[in-house]
Amino acid sequence: MPEYPPIADHGLVGDLQTAALVAADGTIDWWCTPRFDSPSVFASLLDSDRGGHCRLAADVGEADGAVVRQLYLTDTAILVTRFMAPGGVGEVVDFMEPDTSGTPSRRHRLIRIARVVRGRLPFELLCRPRFDYGRATHSLRHLDDGSVVFHSADADLHVQTSGPITLHPDGHDASARFTLDAGEVAAVILTCDSGDVAGHGEGLHRSPVSAEAVTRAFDSCRDFWLTWLRASRYQGRWHDMVTRSAITLKLLTYAPTGAPIAAATMGLPEQIGGERNWDYRYTWIRDGSLSVHALTALGFHREADAFRRWLRQRLDAGWTASGEPLQIMYRIDGEPHLTEEILDHLEGYRRSAPVRAGNAAADQIQLDIYGEAAYALAESPDIGGIRGWTAFAGVIDWLTENWDRPDEGIWETRGGRQNYTYSRLMTWVALDRAERLARRHSRPADLGRWVAARDAVFRQILDRGWSAKRHAFVQHYDTDVLDASLLLMPRVGFLTPTDPDWLSTLDAMDDELVSDSLVYRYDPAASPDGLRGSEGTFNLCTFLHVQALARAGRLDQARYSFDKMLTYANHVGLFAEEIGPSGEQLGNFPQAFTHLALISGAINLDRALA
C-alpha cells in the first residue's frame, strides 16, 4: 500500500453515527467510533506508522495488466473495490448498516465482503488498530480460528471472519491469507464496542458469522438507501452527482440529533506541509443552516426539520460563556466545549503537521451565523412553540445592539478581528428574516427596533463595504481585497442579481479570484489571515460562483464552470474542501459544504436553463 494515498483516492461508508474512509486499494485508513468526533481506531491517513489501518485486498501485486477500480453501487453508500488481474476478477464490498434507532449507540459494525466473480485470486487481510489516535496501548486475544478481539482501555475491536479465513495473531496485529475461486465469498466483520469493555471482549459477538446474516445485512443496507432516495424530487441534468451529494450529506449527519458535521476527517491539510490542518468533525451553525436550503429543495424535509430542531435547541439552551447567544460550532450532541489540542505524536498527512483535534475557532465571534440561522428557520412553516420564538426574538434583540463590531469572519481567520462585509450582510439577513417571520406568524417583536437596525446595516454596507477604487464590494471595511463569500449577496436578496454594483463586483471577482473557473476564497497575501502558507481554490466558492453567474444571466459561463468543476470530483463523485495547484484534492474529506453547494448549484442552473 502507498504510504499516503491521495486524499481523493477514497470512498466513504457510514451508519449515520460514524463513518470510515476506504482507500482505493482496499485499506480502511480512517475510522472514528462510536461517533464522528470520537478518537480513532484507524488513522493511518494521519500517520502511516502510528495511526493503524485495516487492509483487505486481492493480492495482485505487480501482475501485468492488474487494474483496481472503486465504485459505489448505484444510489447507495455500498462501496465496491474491484481487482482485475490475469488470474481473475475479485471484489471487496464495504458497507455499514444505517442505524435508524434514533439513539446513540456504543457499538458499530463495518462489514467487508471478499468475493471472486471470475477465475481464482489470493487475498490478504491485515488488521492493525491503534486506538485513541494511536496513543492507547492494546492487547490481542485469539478467540478461535476466525475471531480475535483487540482490547484497549476504552474500546474493544472484535474481528470475525467467515469462509476460508484463518486469523493469525502477530504481536498486536492480526493477519490472514486465503484464496477464493469464482463464486466463493468470504466476510470480515469489524465490530467496535465502546461500552462495557471490562470483560476484555470474551463475551462479545461469539456467535459465528453466517453467509445468511451477511446477506441480510447487505440487503438491509441497500434497501435503506434506495428507500431513502425516493423522497428526492430532483429531475435535473446532473442526477448522478446530485444524488451522490445527497447521500454524502446524509452520511455526514448524526442521526440521533440531526446535526451535520462539516467533514468526516480532521487534520487533512489545505496545503501539503502547511499548518492549515483543522478538525471538521463538528457542527457549524453556518454549514448546517445552509444545508437546509439544499435538502429542502431536493425534498428531504425530514433531515432539514431535524437540523432546525437541533438549532432551536441551541437557542433554547441559553447564552454561551462568552456572552454570545450562539457559538459558531458545537459537538454533534450540542456540547459547546471543543478544546483544541495538538497531537504531536502524529506526523500528519504527508508530514503536514500539526495535527489538531478539537477546534479553537469555537470561541471566535462570527456574527454571520445569526443570518444563516434565521435563513434556515425562515424556510420552515414551523418555527417552533412560543417559547422557541421568545428565545429567537431575544437573539434578534441582542443583535440590534451588537451587530456593529468587528469579528473573525466566515473564514475563521486567526489574524485579528475586522469589520467583515459578509458578517454585516448576514446580520442584515438575520434582521430582515426575523421581521418577516414575526409578521408571517403574528409573533410578538420589537419590529420598529429591528427594522431600524436592518436599515442601518444596509446603509453601512453601501457606505463602507463598497470600494470606489475596485468598483466592488470588498472583504472588510479597511481593505480593497475581494472575498468570494460575497457571492451570496444576490442569493439572500440584499441586491438583485443584475444590479450594476453587483455585476461590477462579479467582474472584479472574475479577474482576481477565478482561475480557470475555480474560485479562491480571497488572497491571503493581500489580506493576511495569521497563518503561514497558501491554499487551493475553495470548492464551495466555485459552486457559489456558478449560482451567481446563473442568476446574473451569464448561462454559458455558468454551465461551463459547473461542468468543469464536476471533473474535479474523485472517482466516486466525492469532493474535499479545496483543489490544489495540480488539480489534487486538499483539505478534509469529504466536505459537506462542497456537496450542499453542488446541489444548490445544480438546482439553480437547471432552473435558469429551463
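The following is a dialogue between a colleague and a modeller on how terms are applied to this predicted model.

Colleague: Why is Asp 368 called buried?

Modeller: The cut-off for buried is under 20% relative accessible area. Asp 368 has a relative accessible area of 0%, so Asp 368 counts as buried. This residue lies in helix H6, which covers residues 368–378.

Colleague: What makes the pairing of Asp 368 and Arg 286 a polar contact?

Modeller: The side chains of Asp 368 and Arg 286 are joined at 2.8 Å. A polar contact requires a pair of N or O atoms within 3.5 Å, and the value of 2.8 Å meets that limit. Arg 286 is also among the residues in contact with Asp 368 once neighbours within four places in sequence are left aside; the others are Asp 407, Gly 409, Ile 410, Tyr 422, Ser 423 and Met 426.

Colleague: Asp 407 appears in that list. Where is Asp 407 found, and why is it called buried?

Modeller: Asp 407 is found in the loop between H7 and H8. Its relative accessible area is 0%, and the limit is under 20%, so Asp 407 is buried.

Colleague: Which polar contacts does the side chain of Asp 407 make?

Modeller: The side chain of Asp 407 reaches the backbone nitrogen of Leu 367 at 2.8 Å. A further polar contact, of 2.7 Å, joins the side chains of Asp 407 and Ser 423. Both values satisfy the limit of 3.5 Å for a polar contact. With neighbours up to four places away in sequence set aside, the contacts of Asp 407 include Ile 365, Gln 366, Asp 368, Gly 416, Arg 417, Gln 418 and Tyr 420.

Colleague: How far apart are the C-alpha atoms of Asp 407 and Ala 66?

Modeller: They are separated by 54 Å, and the two residues are 341 residues apart along the chain.

Colleague: How do you know that H6 and H7 meet through nonpolar residues?

Modeller: Tyr 370, Ala 374 and Leu 377 in H6 meet Phe 392, Val 395, Trp 398 and Leu 399 in H7. By class, this contact has 7 nonpolar residues, no polar ones and no charged ones. Ala, Val, Leu, Phe, Trp and Tyr all count as nonpolar, so the classification follows from the residue types. As for geometry, H6 and H7, the latter spanning residues 386–402, pack at an angle of about 145°, with their axes 12 Å apart. The crossing of H6 past H7 is left-handed.

Colleague: Why is Leu 425 called buried?

Modeller: Leu 425 has a relative accessible area of 0%, which falls under 20%, so the term buried applies. Leu 425 is found in helix H8, residues 421–441. Not counting residues up to four places away in sequence, Leu 425 touches Ile 461, Met 489, Val 492 and Phe 494. From C-alpha to C-alpha, Leu 425 and Val 457 are 7.7 Å apart in space, although 32 residues apart in sequence.

Colleague: What makes the span of helix H11 close to the expected one?

Modeller: H11, residues 539–551, has 13 residues and reaches 19 Å from its first C-alpha to its last. The expected value at 1.5 Å a residue is 18 Å, and the span is close to it.

Colleague: How do you know that H11 is mostly covered?

Modeller: Of its 13 residues, 12 are buried. Among them are Asn 539, Phe 543, His 545, Gln 547 and Ala 550. Just after H11, Gly 553 takes a positive phi of about 85°.

Colleague: Asp 132 and Ser 517 also have positive phi values. Why is Asp 132 called partly exposed?

Modeller: Partly exposed lies between the limits of 20% and 50%. Asp 132 has 23% relative accessibility, so Asp 132 counts as partly exposed. Its phi is near 55°, in a residue other than glycine, and Asp 132 is found in helix H1, residues 131–134.

Colleague: Is Ser 517 buried or exposed?

Modeller: Ser 517 has a relative accessible area of 8%, under the 20% limit, and is therefore buried. Its phi is near 80°, and Ser 517 is found in the loop between strands S24 and S25.

Colleague: Which peptide bonds are cis, and what are their omega values?

Modeller: The bond from Ala 353 to Pro 354 is cis, with omega near 5°, and Pro 354 lies in the loop between strands S20 and S21. The bond from Phe 589 to Pro 590 is also cis, with omega near -20°. Pro 590 lies in the loop between strand S28 and helix H13.

Key:
Residues numbered from 1 in each chain as written. Predicted model: local features only at pLDDT ≥ 70, side-chain atom pairs only at ≥ 80, totals over all residues. Heavy atoms only, no water. Helix = DSSP H or I, 4+ residues; strand = E, 2+ residues; numbered from the N terminus. Buried < 20%, exposed > 50% of the residue type's maximum accessible area, 1.4 Å probe, protein only. Polar contact = N/O pair within 3.5 Å; in protein donor to acceptor, adjacent residues only side chain to side chain. Contact = heavy atoms within 4.5 Å. Expected span 1.5 Å × (residues − 1). Axes fitted to C-alpha atoms, helices over the stretch in contact; angles between N-to-C directions. Left-handed = near helix turned anticlockwise from the far one by under 90°.
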